[in-house]
Amino acid sequence: MNVMTCYSAKNIVEKLFLLFMMGFAFCACGDDESYTLGVWHRRSDFDGLARGSAAGFTIADKGYVCGGYTGTTYKRVTDLWEYDIQGGYWTQCASMPDAATARTGASGFAIGEKGYITLGQDNSSNYLADTWEYDPATDTWTQKDDYKGGARISAIAFGIGQYGYVGTGYNGNYQKDFYRFDPQAAAGQQWEIVNGFGGQKRQGGTSFVIDDKAYICCGVNNGSYVYDFWCFDPSTGVFTQLRDIADTSDDDYDDYTSIVRANAVSFVIDGKGYLVTGEYGSLLSNYWIYDPATDLWEGEDLTAFEGSVRKNAVAFSTGTRGFVVTGQASSSYYDDTWELSPYEYEEE
């Protein structure tokens, strides 16, 4: 046997061994008893004070956290922080101006290259309706029209295209109305009602946007957790009710036993929605993945959130990477930052 033949035989053996090991790893990763899908990586801690009920938004590859409640000593705040997703570090930006009172439970969204903070509750427990625009290019704030639906806390907000949308919430009564925000409109005309939402009133709901459609779920109404699930298409202005996020007799989704919750956060990775943290009687660590192509949720064999269980966190996403930061549990407030790698496996 010549040297070339020996070398070829060696290559074949090495390739067979590699294929065997790949097959072994695949089988191991598929073993539900040993591995769960998804790995939570702790990233750079939030540089500001630990807090809950802050507002957030994402612009390009930067995530922002603004305001919130830091506990009985510092109470509500107005500071703004930027997380560089590529660089993995935090930078303090200009705080909201003096005219914008410190607040908790505000709503945040982004339109293009600018972010917006609206609503919330101040240190005197007054509900707020003012709206503020943040421009990261100049690190400045500009006041816009007050939210037309009236002052409130814990509303749902999202941005699609050139508009922002804000609705539901609580101001002594539970709300279900939605309004569209146009930052380019003349003063006094920036908010316009959007009719057609047939869902339950709620506070502490959440939303995520996939392919320019918003998905709305979760929250609490008059002491009961809500289980309806809706899709809003701004191109038609139509709200469409989807399958409830609760246990039913349908075999495709009769295991929906722990999606329902309030004060959770959500983000999007590769065209799927991720629902994380929150509470349902007690604080939750599990998460669920929604696929709009099938209108189905997946929650089995997923690695639980690895930070402390919490509610009232902030989430942001580039569409390919998703993060959870801050939050609270009773009198504890958090400043840690977590990123989910959804395709990695973790050994139990």
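**Exercise 1. Find how many bridges join strand S3 to S4, and in which sense the two strands run.**

Solution. Strand S3 covers residues 62–69, and seven bridges join it to S4 in an antiparallel arrangement. This model is a predicted one. One facing pair is lysine 62 and aspartate 84 of S4. The two strands form a hairpin with six residues between them, where glycine 71 takes a positive phi near 115°.

**Exercise 2. Follow S4 to its pairing with S5 and state which residue stands opposite tryptophan 81.**

Solution. Strand S5 spans residues 89–93 and pairs with S4 over five bridges, in the antiparallel sense. Tryptophan 81 stands opposite glutamine 92 in S5. This hairpin has four residues between its strands, and glycine 88 in the turn has a positive phi of about 75°.

**Exercise 3. Decide whether strand S4 is largely enclosed or not, and say why.**

Solution. Strand S4 runs over residues 76–84, nine residues in total. A residue counts as buried under 20% relative accessible area. Eight of the nine are buried, so S4 is largely enclosed by the rest of the structure.

**Exercise 4. Identify the residues of the largest nonpolar core that touch the most other members, and the strands that supply the core.**

Solution. The core has 18 residues, and those touching the most other members are Phe208, Tyr215, Phe229, Ile245, Ile259, Tyr290 and Trp297. Strands S14 (206–210), S15 (213–217), S18 (229–233) and S24 (287–291) each supply at least two residues of this core. Now take phenylalanine 208: beyond its neighbours within four places in sequence, its contacts include Tyr215, Phe229, Tyr290 and Trp297. Other contacts of phenylalanine 208 include Lys213, Ser266 and Gly273.

**Exercise 5. Describe the largest pocket by its space, its lining and the classes of its lining residues.**

Solution. The space in the largest pocket is about 1200 Å³. Its lining has 50 residues, and Gly56, Gly108, Ala157, Ser207 and Ala315 lie nearest its centre. Strands that each supply at least two lining residues include S2 (55–59), S6 (107–111) and S14. By class, the lining has 26 nonpolar, 23 polar and one charged residues.

**Exercise 6. For serine 125 and asparagine 222, give the sign of phi, the place in the chain and the exposure.**

Solution. Most residues other than glycine have a negative phi. Serine 125 has a positive phi of about 65°, and its place is in the loop between strands S7 (114–118) and S8 (131–135). With 45% relative accessibility, serine 125 counts as partly exposed. Asparagine 222 also has a positive phi, near 50°, and sits in the loop between strands S16 (220–221) and S17 (224–225). Its relative accessible area is 61%, so asparagine 222 is exposed.

Methods. Residues numbered from 1 in each chain as written. Predicted model: local features only at pLDDT ≥ 70, side-chain atom pairs only at ≥ 80, totals over all residues. Heavy atoms only, no water. Core = buried A, V, L, I, M, F, W, Y, C linked by side-chain atoms within 4.5 Å. Buried < 20%, exposed > 50% of the residue type's maximum accessible area, 1.4 Å probe, protein only. Contact = heavy atoms within 4.5 Å. Pairing = 2+ DSSP bridges. 1 Å grid on protein atoms, 1.4 Å probe; cavity = no way out; pocket = protein on both sides within 12 Å on 5 of 7 lines; lining within 4 Å. Points joined across faces, edges and corners; volume = space filled by probe spheres on them. Nonpolar A, V, L, I, M, F, W, Y, C, P; charged D, E, K, R; others polar.
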